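Visitor: Please take me through one part of this model at close range, beginning with a single loop residue and its backbone. After that, set the residue against its surroundings.

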Amino acid sequence: MFGLDEKQVRTNFPEVWQRLDLTVKRDREEQVKRSPTGDARAYAENWWQFGKPRPLLRAALAGLTRYIVTVETSKHRIFQFLDAEILADNMLVVIGSDDSFHLGTLQSAIHLHWTYANCALLGVASFEQGHRYTKSRIFDTFPFPDPAPDKRTTIADLAEDLDVTRKLALIETDQLTMTELYNLRVKIRLGKQMSDADQRRATKARAAIVDRLHAQLDQAVADAYGWGTEWAAGELGPSEIVTRLVALNHERAAEEVAGQIRWLRPDYQIPRFGSPHRAKPNEKLPK
């Protein structure tokens, strides 16, 4: 019903209109009587529409065949592509991009350390138990790398491989969930002893392949930031990564004040959020 007025729904979808009239309309009118909030009145006035149709999100996803999502609260911070035909529910954080470079950067350990530094724990003392991904605190402040095309392509290719590998594992392994896959990956990464059953399960789920792709992706993203040598030598700890990202965030803020913005989706963002005095991505500013 998104984008349709009541008459259009009644004319083109009479059975739907009648069903909503008998159920949703009455429920929303009752809700206004119980609690006449602004939202309740707005929902009652537009009773044929979903409560919050998210027009800005729909506009951002228009024209995309897929987009990036992550579960808001999770034990493992996993980003993946979702088909554009699927509408995300309220527990998914949506990134309006179909670019696998963005997926790979978000899935990297560098972004994970940034996430841990800015997220909220879910009433526990360990990040491995669960945390909340808050877009305004984490994604909006995260400075993406701006690498040369070859490094960008490497990240994109690894991200595509990781996304496909995980999805094939879920399809081909009976009752496998993404959480179980990543629990198995953690055991492999930490060298924990596994039972024969777990080893068989890990092999079927491609857990070692997923772990290897993560390692390659982490190195590629570190290379994109210019930190690859230190990352490979194990000299780049979480606190140092966050310190560098904060400094880079400040550099980007200064660039934006000067008029240069490194848009993630220039074709979409510039017409909507740009202004004539701002430079295009990678454009040299006048001295």
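**A loop residue and its setting**

Guide: Arg 54 lies in the loop between helix H4 (38–45) and helix H5 (55–61). The model is a predicted one, and what follows describes that prediction. Arg 54 has a phi of about 55°, a positive value, although the residue is not a glycine. Most residues other than glycine have a negative phi. How exposed is Arg 54? Its relative accessibility is 48%, and the residue counts as partly exposed because this value lies between the 20% limit for buried and the 50% limit for exposed.

A second residue invites the same check. Gln 175 is also not a glycine, and its phi is positive, near 60°. Its place is in the loop between helix H8 (149–172) and H9. The relative accessibility of Gln 175 is 68%; because the exposed class begins over 50%, Gln 175 counts as exposed.

H9 leads on to a pocket. Helix H9 (178–190) is one of the helices that each supply at least two residues to the lining of the second largest pocket, along with helix H7 (109–118) and helix H11 (207–225). The space in this pocket comes to about 390 Å³. Its lining has 19 residues, and those nearest the centre are Ala 109, Leu 112, Arg 185, Arg 189 and His 214. By class, the lining holds eight nonpolar, four polar and seven charged residues.

Now the strands. Strands of a sheet pair through backbone hydrogen bonds, in either a parallel or an antiparallel sense. Strand E1 (residues 66–71) runs antiparallel to strand E3 (residues 80–83), and four bridges join the two. Within that pairing, Ile 68 has Phe 81 in E3 as its bridge partner. E1 also pairs with strand E4 (residues 92–95), again in the antiparallel sense and over four bridges. Here the bridge partner of Thr 70 is Val 93 in E4.

There is also an open sheet of three strands, with antiparallel pairing and the order E2-E6-E5. Its edges are strand E2 (73–74) and strand E5 (120–121), each of which pairs on one side only. E2 pairs with strand E6 (residues 131–132) over two bridges, in the antiparallel sense. Thr 73 stands opposite Arg 132 in E6.

The chain as a whole gives the background. It has 14 helices and six strands, and its C-alpha trace spans about 65 × 65 × 35 Å along the principal axes. Of its 287 residues, 37% count as buried. Among contacts between residues at least 6 apart in sequence, 57% join residues at least 24 apart.

How far does the predictor's confidence extend? The average pLDDT of the chain is 92, and 93% of the residues score at least 70. Over residues 276–287 the pLDDT is below 50, and this stretch has 20 contacts in the model beyond near neighbours in sequence.

To return to the starting point, Arg 54 combines a positive phi with a partly exposed position, whereas Gln 175 combines a positive phi with an exposed one.

Conventions:
Residues numbered from 1 in each chain as written. Predicted model: local features only at pLDDT ≥ 70, side-chain atom pairs only at ≥ 80, totals over all residues. Heavy atoms only, no water. Pairing = 2+ DSSP bridges. 1 Å grid on protein atoms, 1.4 Å probe; cavity = no way out; pocket = protein on both sides within 12 Å on 5 of 7 lines; lining within 4 Å. Points joined across faces, edges and corners; volume = space filled by probe spheres on them. Nonpolar A, V, L, I, M, F, W, Y, C, P; charged D, E, K, R; others polar. pLDDT = per-residue confidence, 0-100. Contact = heavy atoms within 4.5 Å. Buried < 20%, exposed > 50% of the residue type's maximum accessible area, 1.4 Å probe, protein only.
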